[in-house]
Every structure is written in structure tokens, then in C-alpha cells.
Protein chains: 8
Amino acid sequence: MEERDIEKLLQGVKSGEVDIDSAILALKEAPFEEMGFARPDTHRGLRQGASEVIFGQGKTPQQNCEIAHKLLEHGQKSVLITRMSKEAADYFFQNKKAEVEFTYDEYCKIGIAGQQIDTSSGVGKIVVATGGTSDIPVAEEAAKTAEVMGNKVVRLYDVGVAGIHRLINKETMGEIMSANVIIAIAGMEGALASVIGGLADCPVIAVPTSIGYGASFGGLSALLSMLNSCASGVSVVNIDNGFGAGYLASMINKR
Amino acid sequence: MEERDIEKLLQGVKSGEVDIDSAILALKEAPFEEMGFARPDTHRGLRQGASEVIFGQGKTPQQNCEIAHKLLEHGQKSVLITRMSKEAADYFFQNKKAEVEFTYDEYCKIGIAGQQIDTSSGVGKIVVATGGTSDIPVAEEAAKTAEVMGNKVVRLYDVGVAGIHRLINKETMGEIMSANVIIAIAGMEGALASVIGGLADCPVIAVPTSIGYGASFGGLSALLSMLNSCASGVSVVNIDNGFGAGYLASMINKR
Amino acid sequence: MEERDIEKLLQGVKSGEVDIDSAILALKEAPFEEMGFARPDTHRGLRQGASEVIFGQGKTPQQNCEIAHKLLEHGQKSVLITRMSKEAADYFFQNKKAEVEFTYDEYCKIGIAGQQIDTSSGVGKIVVATGGTSDIPVAEEAAKTAEVMGNKVVRLYDVGVAGIHRLINKETMGEIMSANVIIAIAGMEGALASVIGGLADCPVIAVPTSIGYGASFGGLSALLSMLNSCASGVSVVNIDNGFGAGYLASMINKR
Amino acid sequence: MEERDIEKLLQGVKSGEVDIDSAILALKEAPFEEMGFARPDTHRGLRQGASEVIFGQGKTPQQNCEIAHKLLEHGQKSVLITRMSKEAADYFFQNKKAEVEFTYDEYCKIGIAGQQIDTSSGVGKIVVATGGTSDIPVAEEAAKTAEVMGNKVVRLYDVGVAGIHRLINKETMGEIMSANVIIAIAGMEGALASVIGGLADCPVIAVPTSIGYGASFGGLSALLSMLNSCASGVSVVNIDNGFGAGYLASMINKR
Amino acid sequence: MEERDIEKLLQGVKSGEVDIDSAILALKEAPFEEMGFARPDTHRGLRQGASEVIFGQGKTPQQNCEIAHKLLEHGQKSVLITRMSKEAADYFFQNKKAEVEFTYDEYCKIGIAGQQIDTSSGVGKIVVATGGTSDIPVAEEAAKTAEVMGNKVVRLYDVGVAGIHRLINKETMGEIMSANVIIAIAGMEGALASVIGGLADCPVIAVPTSIGYGASFGGLSALLSMLNSCASGVSVVNIDNGFGAGYLASMINKR
Amino acid sequence: MEERDIEKLLQGVKSGEVDIDSAILALKEAPFEEMGFARPDTHRGLRQGASEVIFGQGKTPQQNCEIAHKLLEHGQKSVLITRMSKEAADYFFQNKKAEVEFTYDEYCKIGIAGQQIDTSSGVGKIVVATGGTSDIPVAEEAAKTAEVMGNKVVRLYDVGVAGIHRLINKETMGEIMSANVIIAIAGMEGALASVIGGLADCPVIAVPTSIGYGASFGGLSALLSMLNSCASGVSVVNIDNGFGAGYLASMINKR
Amino acid sequence: MEERDIEKLLQGVKSGEVDIDSAILALKEAPFEEMGFARPDTHRGLRQGASEVIFGQGKTPQQNCEIAHKLLEHGQKSVLITRMSKEAADYFFQNKKAEVEFTYDEYCKIGIAGQQIDTSSGVGKIVVATGGTSDIPVAEEAAKTAEVMGNKVVRLYDVGVAGIHRLINKETMGEIMSANVIIAIAGMEGALASVIGGLADCPVIAVPTSIGYGASFGGLSALLSMLNSCASGVSVVNIDNGFGAGYLASMINKR
Amino acid sequence: MEERDIEKLLQGVKSGEVDIDSAILALKEAPFEEMGFARPDTHRGLRQGASEVIFGQGKTPQQNCEIAHKLLEHGQKSVLITRMSKEAADYFFQNKKAEVEFTYDEYCKIGIAGQQIDTSSGVGKIVVATGGTSDIPVAEEAAKTAEVMGNKVVRLYDVGVAGIHRLINKETMGEIMSANVIIAIAGMEGALASVIGGLADCPVIAVPTSIGYGASFGGLSALLSMLNSCASGVSVVNIDNGFGAGYLASMINKR
């Protein structure tokens, strides 16, 4: 029941065409979503920028391809597809409309359909830092999500605490000290979040990764570390959840 | 070695009083903390506002009392003491300087020494929501931390999802839709964070609490729920960590 | 906004006293809880019978006492207080109104204020079975909750599988075969739920208890057992959650 | 030893043909299953309706095919095969008797042999709700099990709490408020069960699914959430156990 | 219905005093426990020897005292009470009948009422070995349970693997090589079971204890070690379950 | 240093050929294994019967084949190979010596080389019971291990507690009541061990299996159940460890 | 049988007083501990220095006192008692011999009897670093254990990674770079071990502490972090095991 | 900024070419890594010997090949590649420079490029012991890492505690008693570390392996055992972390 429906109903009441009991009933049954404050579904809700993100995993190659085209038809300039399999990308190349541009990064499992992201035009500054090179796919998921939502992203990869000079030097520290939000991504012992949290003056979003051997237990070790960080200003998202971190960082950056 | 020390050294070099080798040595040994970008220790680092927070747990009544007085002497207007035992508060009342005001909330285990928080003057808006009434001590720790750092805080207590009408009504929704940051605090199944995360348009900081029976395993149930939230924009801090959530919310609110 | 408020508003529209735009606004803001389908808060929601249950744990003796009296004043005949401490019961005896009857079972930590439960008048048949005698406090919480909601309850205590003849004999089997719902309560290895589930023809609600030693890990052992029951028709509630089982059993019994 | 055997034995005793010691021995050895109250094996026990369910997983294609044909020969109208692999379905198509109808849904891994389920004729109303689309295979297992046992099923898929407007609107709420039993199926944080449990007035069977990433730990996150649900009337079955939920829902619906 | 009751019934049939229908009914209703093969309840079932064991924990001082006296009256010579609190023992001393002997070992929490155990008369040989001195209370529970059931017990305490010469010397090895059953009790890393299992030629019952610090997690470390023992012939009972080990050892010893 | 070496040395001392210091040195260095009480390596130690068991998993097809032939050459009559892959069995058939008989059961992954087991000649009676049909491979590993070591084995398969009449009937109960040792094998909730432990009068070896879905967590559920069994006389071996159970049962049976 | 006993026996053989068979028997029976390579029991085995360590926890005040005096009588200069309760210390003061010096540090629960440790005379350099002030009791246990074994110890307390400037400055770095062994002690996220491991050039012994809140799970978080350290040269001892770290550090320092 | 740069800057100050403010700025910005105490990155930091180790897992065959050649060009004599896949080794053979020697051990997944390790020239003595033969790949990773760093290594494989005579005999004990460092590698119950720790007089590095069945939970069982070792001088590295143990052993051996 949209606003004009309510108006129409009230006019009926006023004119006598609708009796009051019927009107009461109709109003009581007005569905919730039309009350104006419910946000549209999150997965379809990134329309704050001019782009859209599809979570590719668990969708068929065909589904990925169709949803992306539909979004482009509805005016999205770019569509980012995360956790996109090689198979889905191949399908996309073969089945995409001629005018749709498409690039795919197999290592990070990220596809971009439509206008490629113009990283020069982002606002604010989000730093995405990783402990090792193996964390890069998760980092790129975070970074590209933030970029596609219109943020400026600086990447600081492989600055893990086992060689702390890589982190604590003028250039890296300069980026960290001037960031608006930092995404700290690490597997194994996940100490990066604490060290950066202790140095930086801005919110730090910690992303544990499932990278590690033996007793890392699929990311549990890094997850617990990050939750127990002795630095203030650190919060944590799910293991390997680069998209979630990028989305939240954009939210904070645009406050 | 502060800036004026470096200046003095360089003047010595210029004047010939200090030979170059000695100067090189002195400079190489300059401790890191003087390089300008290291933040002061977090626990002593809330000086962004005019107030300070002491983590009372694990400190003796005497230590709590002494640190608070020292901070007040150094110009802090208010000092917030979290997780302060009844015993520590009693000690404080008996040993405080006459001119130091002190209030204590036994239920939330929070003491405030010095000028009481003026909640009317805060900036922005941080909503602190809890699932049940048992989560209130953690919530007050978050709320008062945010207030003492100069933020405006709105409390929405006992709006858990088992009676969703308490959450989804005009007044509550209005607060949620207009918040700058939301802190969602819940024990048991921790679903509050997901529901609020799905409704709100701003960052949500989820705080699992150790409230619960049986298989809640000291907060593990709520913690896992919140980490797996299907809503975007949600991140998590440690179990019962009200202080951490309040601190982070303030950081985001002041972006 | 209750129904008569809507009616009044519509009459205002009809009569021209209220213009349509104001009416639209008023209606859009009508809080959710007045839409008619939201159930009142669960903890205050047992009004289907003539009685009410208070979860006593985590409430002060004073709170327990006040809530119970308030409910009795509002017309409840009986008020059941679960997990009520000895201290709270003592307080109750000393502070209750003269006309309020009160009984307390220290072993099961259950208090009953007002008219005592008349177990002869219940409908249907709910069997409450336990593996051992140590499970009885949880069982009584379940049984009394069901009784206070107006159900007939049969108790089969200490019929654990280690002495299966206690379970599989004519009398016990007769009760199990003729039950409408069964609540199977057991700690340690929790096998009772599977065995009863395999024998009975009705829904079985399994309640793991925290009774056990060593590797029972506070009820985890029984919980996992019951979730993995090879018998169909078995579902599980939280560890030691007698109230939840009794409430659900009543719901099913009254279908 | 059936009743007539006992009779015969006693007549032998009376007539002197059987001496008392032999009779005592024979009676002491009378097998339990003849005492009349033991239910047939659960897995073969769904004969309450005109149909039968086979748990296909862990059986060879040949076994699935043979058991289904045997059941049809013995008078079953329909046979539902859950968790049936593509390979098993292919085998079935190639080896089935000409007169046996067979349909297979690869996504939900469900095969139906014999007369297809007539969903129009079910009794009562069981609502099957899922948090996301990935939960649908488990949901269909539950729904089809309930249908094959003669229940009327309403499906509410993808009504997860991250977009609560999908759940709280007139149509969906109408179904929930008028249900006899609800099966709430969700992975990740499993909050759906609590929200529905807080809204509905009937028993809710919660099914955690193994859907999720990172710290969902194969369904553990949703399982703990559901067990700790703050809503009353909610009980839980094993992870992904759609069959168990459907079976139990039918039991309750037919009370 | 005991054997003589059946006999009487059959004689009634023979003589014509009892008609056949009544006899059939009586026989069908004969409770299971009288059919001859059901073992009496385990907790009351140690009557193979002349003694009885009461599990004292979770029973009130009064209950312990009463049960023990009842058993003595029924002809038991000795009654062993395990996990008996100091408080329960004091109660016993004050309330026991004059003629009842009673000894209590506070360290091991074991009381013996009636005729004291005559350790010289046991049969076979059960070795009870512990890794450290802290494991002794559990070991005594095992040893005394075995003795009270009529077995000969040899104690080898504090022979843990950190000083393997304490285990591997002529005297100790002699006892191990000539044992009929061995109970290996250890906390911490629980390696004792594997080492003894590798040396001995007889069944080894491993009892993990909750002794340990840090990551021993209440006995979990020793429990997992023992379950994963690389030696054959080792099986495990619950953490700290000395009674269970002693009971099982007696069963095996008396084969 | 064998006995004759010591003798020779002492004769050297006596005759003066060996000086005392050298003799002391030689004696102090005498290796441990010659002291007479160390058992040969367990894996090579089953020579109590006329047969031998090889743990096939983790060995190459070639290794399995060679070890088996070597054992047969050294006089073993039969060699049992557990957890033998299809590939290893195929290799065996192709590479075995012409005179070596070989049978392979693919379902249970058990190969037998040499003289086939003569099950008629075993001593004592070991009952091997399983909860379901999926537990049979583990059960056969236990049963065949016991048979190859010369024990008589009775198999009671698919007698799980969900249909307790399958367990509690004259024939099955007769086997259980007359067993010398029982191996109870079950996955899921593992209740079989408790029920049998409550009925039987002999040692019960419980084997949890990894059979199960959802929250069975690879056998953890059954493992915890069995450790917490409320029946006395039950001990537990590792998950799926059929060999270990069979070996231990033989040890006990031959006491 | 000590060396002189063997000598005596051989002389008996040589002289003919002892016949060869008797000598063989005597030698074969010589207990293991006299063979010369077995280390004395660890707990009594710190005799490499002039001091001894008693693990006070789990011993009675009297036992602590007696063992310490016995060791002093046998020539130990100092005896360190770790995890000594206030009660045990009080007992010691009241019952010690007049000439025995005794000091007690209640915070760290460490008592020293006899000659106080002369920290000036230690060899090598062991650095003991902690993340926070709450880790100091564990650190002192490690430091004093190392000192009593004759090592030089440098303490770097409260240098946790949340304020990395406290760690990375000339003075602290100088100690770390010149250490022979480092003990890194931290609770919460345990990142200190990784950061120090990445900076230092010597073995790092990591000690997780049980300090922490919420999801630190009694030290599990720090333990997993340290095991997964991305720095090489780091190994881990048990939670809160200061003694073990100090003992091992001394072993390494004295190589 | 290296030392000569600082010198040049100071000379500019002295000569007046550089004003003091500019000099202050330049000095404040001098990057950390030039301050002289930061160690180069650990993964590239094994240059203490003449060889280098590459962690092959997670690198492409091409990356492994290129890094190895680069290191050889820069003067390394040998390059050890751990966890190298068969595929990577094949690539190496096909793409290596003609003059580069290369050997590959498929079982242990170790490749050696360049001059093969001369095991005769190592210093000190590191003993690498394993419980079983399945632990050998981890052991070889440890042993070869130590050898390539210039240490002498003694291998004692398959000396597990289930057959303790394999460990406790003159030859093996001699090696253990004379070792400088011992690496104890075991899966299953991991008891080897405790037993060796109790016998040896030198630091023991324990490596749990993921070898095991059932409840070994991927090495967790051995990990917990080793952390709880009752022997002093034992510390633990991550599951299967042979490289880490070899590296640390070398560090200790070269003290």
C-alpha cells in the first residue's frame, strides 16, 4: 500500500464511498515494507554508489551472468562479482553482450562487468593491509568492494609483524597515520590487527583469513587473536570476509 | 629526544661544539616514540576528550583511587572507572579528596570521579541497543565510555528479537534510522545484531555478552552468531567488551 | 494507536475535521505493535492459561516478589517462579501479602504464589521422563510449567537406559505409548531420548542436563547425543531448559 | 510367542501334557517383541500415510531402486527418496519398471517414485520458512516429507532477518500467524528461528543448515543460536536434517 | 513376578483354580525385570561380592548415611562410599549405629562402613598405576572399588613417564608383566597409558584425570592422548572415573 | 647382550682375562632390550594366534603385498589386512604367489591372505553389535581381528536403540547374556553402548564410529556419549577403531 | 646397585666366592636407575645450579615447608617455591628454623628460602618480556627460576604491541638484540611473541597467559596465536607455565 | 637514510648549507629500517649459513624455480625447497639451468638445488626422533633444514613409546644422552616428547604431527599432549612444522 493508495482510501472515506470499518481493516493490513523505513535487501542494496556487488560463490555461471546483465541494464555502471569461479568467468566471456566490458582476475576470483573501476576518483582514504602475500585474494575483495563503492584505497600488502620494519618505516607509517579507516587482513596468528590498532588513530576492521598450517584451524587462531586485541578501535568480521570489510569501511569512510 | 633537543644538537653541530660523529650517534639512538607518529599507550590514550577511562578490573582499590586522582590533577575533568568493584568504590568514597565528586553505579560497576558527564552536550548520535535487561551493565559501559568521549548517546534497552514489535515500531525505528553508529549488545543467540544490521544504514558494532544458559557457553553462541551475521555493515568486538565498543563508536562518530 | 483511535481518525476525515495529509501522516506513524498480529513479549506472554511463569534466576529477591504480586493483582490465579533461590523464597515468605499463599520447593528451586496448581484438572497427557534422580529439578521445572498452563502431567523419573527394565515394563510402557507429548530429560550420555523416541509414537522433546562428570562438559555430551538421535520425532531444547520444554509441550498438547 | 501360543501352552499345562518346569522356561523366554507395544523400526515406519520415505544417502543406486520398487509392490502409492544422488536417479530412470512414474529434483536431491504427491489434499498447515535461497534443498526435504505424510505445506523462502521487511509484511505474517507448526530453516547466524519464534503462536522446529562461510563451522554457529533462542516454543533438530523436521512437524500437526 | 509366582500360577491352571484367560493376562503383564535376563540396576548391582559401592557425590550427608545402613542391614558386609565429602563423613560418625565400624580417608574422599576390606584375600591381580601423586585420589577410588569386589590390587603410584626409570626397573616391571589387568591413571599428557600399554601383555584401562595446568582443559588433554594411544589393548573411561575403572577391572579379572 | 654373553664375560673375569673395570663398563652398557621383559613391537606382536594383522591404510599396495608374503613365509597361516584399498587388493591379486589364497571384501576393506579364517574353531564368545548397517565395516574389522586371533564371534548387526525391540528379544538377549565380552559399535548418538552396558554382565568395549550427519562432528558425538555412559563396565576406544576393539576383546576373552 | 656394588660382585666372581650363575642373576636384576644414563626425577632435578625449585601448588603448607628444609639440609643454598599460597608462606614464617632466611612475594606467589638469589652473578643474558602488567606473576616465576639456576635475567615488562613504541626504542631493542634467549609472555592475543620473534636473532620461548576477557577462553587465544607465529625461532610452553620457560631458557643459555 | 647520508646532512648543517629546520625534518622522517637493528625478513633471513630454505607450498612451480635460481645466482651454495609438490619438482627438472644440480625426495616433498648438502661437516649434534614411520616426512623437513644450516643431525626414526625398548637401549640412549638439542616428532598421543624430555638433559623441541585416526583431530591430540608434558625442558611448535623445529634447533645448537 503506497502513499497514493492511502490517499485514495481516505478520499473514499471522506466521500462516503468506503465505510469506516472497511477502511480500518485495509489499514491494519497494510504491509510493513511500505511504511517507509525498511531498507531494501542488503544483497541488492549497494546502490549508494553507481555500482553493484554480486557474491558469486554458490551461484551458477549462468546466474552470475544474468544478474550482472540485468543490473547493467538497470543503469549500474559497474558490477563487481566476488568469489567468481574460473568456470563462471569463462561462461561470462562466451555469453556476455558484445557491448559489455568484462575483466577477470583469477587469483582473487573477482570479475568486473561494465565500466571498469576508475580508482582515481575515490573519496577519503581506506588502507587495506595484509600480513602476507597469501592474504591478497581476500584483500582484493575488500579493496575492490570499497573502490566500486567510490572510495579511495591504498594497498599495503605483505607488511606482517614477523618483519616489523616492513610496517614501521616512514612510507608505510605515513599511509597508516593518514588513513580514514584501515582494513587489517591476516591469517596465522593475526597479530597485524593489534599492531596497526596500536599505531593508528582511526577505526581498524580486522579480517582473519583461513591462511595457515597446523593449529590455525581454518582461521580460528587469527579470529580469536583479533577478538582479543589489546588495542582499542579494532573490530572483527568473519573469516575471509573481504567483501564485508570493504562494505563496512565504505560506510565509515562516508560518515 | 624532543624537537627542541634535536634543534639544540644541530646548533651544537653548527657551532662546532658537537662533532659530527657524536651527533650521528645521538641521532641514531633517538628513541622511537619521539618520531612523532606513535600514539600514546591506548590505556592511557583517551585524551581526545576532556576525560579518561580506567579499566578497574584487576586493579586494587588503592590503585584505582590513586590513578583517578592523578589524572584529575593532570587536568582531566572526568574520570570513568569501568568494572569497578563495590569494594573499590567504597575505598574511593573513604579515601577521595574532599573536592573530588564521585558517583558509583553498582549494577553496572561504573564509577565517575570529578565533573559528572554532561550528556546534553555530546555530538552526533550513537544508539546503544540491548536484547535484554541483563545486557544493561555491558551497555552502560559502552554508553558511558562514548559519552565521556563527548558523544551523544541514545539508549534502546530490551528490544530483543523474541518480541520484535519492541524493535520495529515508529519510535525505535526512528532512532535506528537516524543513528550515526549503532552498538548492538546481546547474549543468548545474538540475533539482535543481524536484525538491526538489516534495518540500519550505518555501521553496527556487535557486542556479544556472556548472558545465557546451557549451550551459550559463556558468550560463544552470541559471538559466532554475530560473526556470521548475514547483514552487511556489522563487525564484532570481544564478549562483554562494552568499553571497546564505546571507544570504537566514538572514533567512527567523529570521522 | 488502537482500533478506536483509527476509527476516530477516519471519522475526522469523513467529517472533514481532519485533512487527508494529516491522516496519512498519522497512519504511517502508527506503531507496529498495534497492527494486531504481534504477540506480546514472550516472558510476559503465558496468559493463555490462568497462570504465569517468572524466570527467577538473575532477578533480585525483591524483584521476584514484586512481579509476582503485580501479576496476582492483575488477575492471575497462580504464579510459578522457576530457578528461585532459597534467599528469594525467604524474602518472599517475609514480605508477601497475608492473603497470598506461597509454597517453595528448595530442591527444584520452584516457588508457587497464589492458588496452588490443581493437577487433577489438566487436559491431554504430557509424560515427563528422566534418566536419573539428579535430573529431577529440571524435570519439575518442565512439569510444573506444563501443569500451570493447564496440562495433565505424568512423571516417570529415574528410568535411565542403564537399567532398561525400569523403562521397558508394562506400566511405564503404557504411559509412554499413550502420551500426547513426551519430555525426555537426561544428562551424561543422554540416550534416554533416543530410546523413548524409538518406542513412542508422539513428539519427544529432549532436554539435555548439565548432570555428569568428566567429559560431559557441562551438558555438551548429552546435547550432541540428543541432536544426533537416530529416532525420528525428537527435537532438542537448550541444556537444563525445563521451562522451555514444558512450554513447548503445552503448545503441542493443545494443538 | 503370540497370545494363542500362550493359550496353547497353558492348556497343555492344564491337561498335563506340559510339565510346569517346561512351561516356566518357555514363558521366561518369550521374546519381547510379541508383547504388543513395540513400534516397528522407525526407518520403515512411516506407514501412517500412504507413502514412504527412503534416506538415499549412503545407499547404492541399485539399493535405492530396489527398495523403492519393493515398497510400491507392497502397496505404497508414493515413495520419496531424500539425498538421492544424480547417479542414483539416472540409474533409477534406466532400471525402473515401465509403469512406475519417477521425477527427480537434482537441486534438492529428491526423487519421487510412484504416484506424484497431490499437494492439494493435505490437512492442517505447516509453514516451511528459510533465511536464504541456499537453504532451499533442506527446506524441500522437510516440505516434501511433510507432504508425503499427508500435510498441507506453505513455503516461505528467502525471508531472512537481514531484510526483515521480507518477513514482516501482511502476506507473510498472515501465513505465520495462521500456521499449525512452523519449520524455520537457516544457516549463518540462524536468527530466523528466534524472530519467527517471537512472532508465532505455534511450535517452531528450527533446522540449522551448514550454509555459511568462515566461522560458521559447518552449521555450529546456527545450531548454537537456535538452541539459545530467547523465544519460547522453539526446539531444534540436527544440522541439515530436513527429513527429521518434516517428520516431527507432521506428528505435531496430526495431534 | 518371581519364578515361584509363575510356578504357583501354573499350578493353579493345572488344578483348575485359575482359568486360562486370567493366566494369560497375568503372564502378559509380568514386568520385564522378572523375566530373568535383566540385570538389576547398576547402582545397586554390585552384589557379586559381599560388598556394595555408593556414589557419594550429589547425595546429602543424610542420604549417604541411610543408604549405607540399609545395605548393611540387608546383609552387606562392607559398604564403600566414594566421593564422600568431609561433611558427609562427619555426619556419618555422629549418626552411625554403635555397632557399625566406619573409616574415612579425607584425601581420597572414601568412606568404608561395616567390616573393613580385607585386602589379603583378593583373587587375581589388578595393578593400579598413576603418573603423579596428585592422581592418587582417583587411583584409590579405583583400587578400593576393586578390592571391595574381592580382587587383589597392587598399587604403583607416581611412576610417570617424565622419569621413566621409576617405571622401568625390575620391581615395577615385574608387577606390570604379571598383572591380569592394569589401570593406568594420569593427567597432564596422559602418556602413562601408552607406555604401559606398550609394555604389558594384558588389558589396560586408561583413566584420564583432571589434574593439570593451562591447556590441559580439565582432563581433555589426557583423554585425547589415551584415546589415541598407539599401543593396542588400551581402552578409556571417563575423566576421573576411578570407580568405573575399578568396576571394569574386576569384571575382566574375574572372567 | 644375551645371557651367554654375560656368562662369557664373567668367565673372563674369573679367569683374569678380563679386568674388572672393563667388565663394569660392558655391563653398564648392556642394552635394555635384553633384560627379558620388553614385549616385541605391538604391530608385529599378534603372534599369540597363528595369524597376523596388517594395518593396510597408509601403506602402498606393494608394501601390503610384500609384508603379507613375508609373514606367510615365516609360518603365519593367515594374514588379515585391514583398511585395504581396492587398488591394493587388485595389486595383490595380480602379484601374489600362485599358492597364496586371497579374498577381499571391498565394503569392509578387509583382505585375507593365506588360509582363510576357520570361524568354527574359535574359543569363548565375543559379541559384536552395531547400531546401524553403516557401522558394519568397522564391525567386520573388529570381528575378523578377533576371529583371526582365535576367538568365536557372534555378530548382532543393526540392533540400534531407535527400534529397541530389535535388541530386546529372546534371541538377541540370549546372545548378549551369554557373551564373554561385547563390542558395541555405533555412530550418531552412540546410545547402544549404554543400553547394552545396562543389560550385559560382561565387559563392553564401545567403538564410536564417524557415521552421522550434521552435529555428529566426525564421531565426536558418539565418543562423548560412550565416555559418559551411565552403565558400568563400559570403556571406549578411538573413533572407528575396529581393530583395537577386536584386539582388546581377544585379550579379555583369553584371560 | 651402584658401581662399587658391581665391582664387589665381580671381585667375588674373580675370587670364586660368587659362582657365575648367581652373578648373572644379580646383574640381570639390577634396577634400571643404576645404569647411569637415567636422569633423576625432574622435579628434584635442578641440581645443576646450587639451588632448587619446588612447585608449591597442590602441596600442603606443611609439605612445602618440610621439603624446603630438607633440601637446605642437603646442601642447597637457595630453594625457590613457586605458586606458593599466602597461607603456605605464613606457615613457613611461623615454622621455619631460626637460621633459615625466607622472603615471600605475594603478588607473584614466590617464596625463597635460604640464601637469597644473588642476581649480579648470573651468566649469559635471558630477556623476560611481558605484554602487560598482569602477566608479571608468570614472568617473575620464569625470571626467578632462571636466576636461581644461575642465569642473568633482564626484565622488560609491559612492552605489549598495542603501544609498539614501548617495544621499539633504542633501549628495549638493545636488550632484545643482545639477548641469548628471550621469554615472551603475553595473554589476550599473544602477538608479542611474533613481533619479538621477528626482531630477535635468538630462540624465543613463548608463554601464553590466561590473562584476558571474553573470547580469550582461559589463554587459548594466546596459545593458538603463539603456535601459529609467522616468525621463525619461536616455540611455546603451556599456559601460565613460567617455571617451564625459565627452566628451558636456562638450558639453552648454558649450551 | 644510511650513516653517510646523516653525516652529509650534518656537514651541511655545520657549513650552513642546510638550515636547522630542514635538517630536523629530514631526520624525523628517516625510515626505521635504517636505524640498524631491524633484522631482515625472516623468510629471506637464513643467510647465516651458506644455504637458503624456500617454503614451497602455496607457490607455483615457476615461482619455486625462479626464486631458487635467483638465490643460487646471488651466491647461495644450496637451496632447500620444503613442501615441494611432484609437479613443481618436474617443472624444476625441465626448466633448471644445465649447471644447477637438483635432487627431489617425493615422499618428504623436499627438493635441493645447487651443491648437495654435505652432512659430514655439520657442527654440534641435533637428534631428530619420530614416534612412527609416518612422521618421517615432517622429520626430514626438520633434519634437512638443520643440515642445510650447517648442523650435524642424527636420525632416530620409529622409536615410539608403544614399544619402549626401541627407545631405551644402549645405542639410542647414547645418542639421546649426548645430544645438544632434540627434536621429538610424533602424532597420535604424542607421548614421545614427554618420555624423551624425561630422559634427556638438553632442550627438546616437540613437533606434533597430523598423523592419526579418529579422535586425533588433525594433530590436536598430540599438540595438547606435548604442551602438557610433565617433563621440563620441552617446548612445542605448530603441527607438522618440521621447518620451524629445524630452524630453532639450529639456533640453539649454535648458541
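Between chain G and chain H, six residue pairs are in polar contact, both residues of each pair being at pLDDT 80 or more. The model is predicted. Zero salt bridges are found across the interface of chain G and chain H, and the two chains bury about 3,100 Å² between them.

**Extent of the interface**

- Chain G contributes 33 residues to the contact, and chain H contributes 33 residues.
- Of the area buried between chain G and chain H, 61% lies on carbon and sulfur atoms.

**Makeup of the chain G side**

- Five elements of chain G each supply at least two residues of the side that touches chain H: helix H6 (170-177), helix H7 (192-199), helix H8 (220-227), strand E9 (234-236) and helix H9 (242-253).
- H9(G) gives the most to this side of chain G, with five residues.
- Sorted by class, the side of chain G that touches chain H holds 20 nonpolar, ten polar and three charged residues.

**Relation of the two copies**

- A turn of 179 degrees with a shift of 0.4 Å along the axis lays chain G on chain H with an RMSD of 0.7 Å.
- The two copies are therefore related as by a two-fold rotation axis.
- G:Val236 is the residue of chain G that comes closest to the rotation axis, with its C-alpha at 2.6 Å.
- The copies meet through the same surface, because 100% of the interface residues of chain G are also interface residues in chain H.

Terms used. Residues numbered from 1 in each chain as written. Chains lettered and ligands numbered in written order. Predicted model: local features only at pLDDT ≥ 70, side-chain atom pairs only at ≥ 80, totals over all residues. Heavy atoms only, no water. Contact = heavy atoms within 4.5 Å. Buried area = accessible area lost by both parts, 1.4 Å probe. Salt bridge = Lys/Arg side-chain N within 4 Å of Asp/Glu carboxyl O. Polar contact = N/O pair within 3.5 Å; in protein donor to acceptor, adjacent residues only side chain to side chain. Helix = DSSP H or I, 4+ residues; strand = E, 2+ residues; numbered from the N terminus. Nonpolar A, V, L, I, M, F, W, Y, C, P; charged D, E, K, R; others polar. Least-squares fit on C-alpha atoms with pLDDT ≥ 70 in both.
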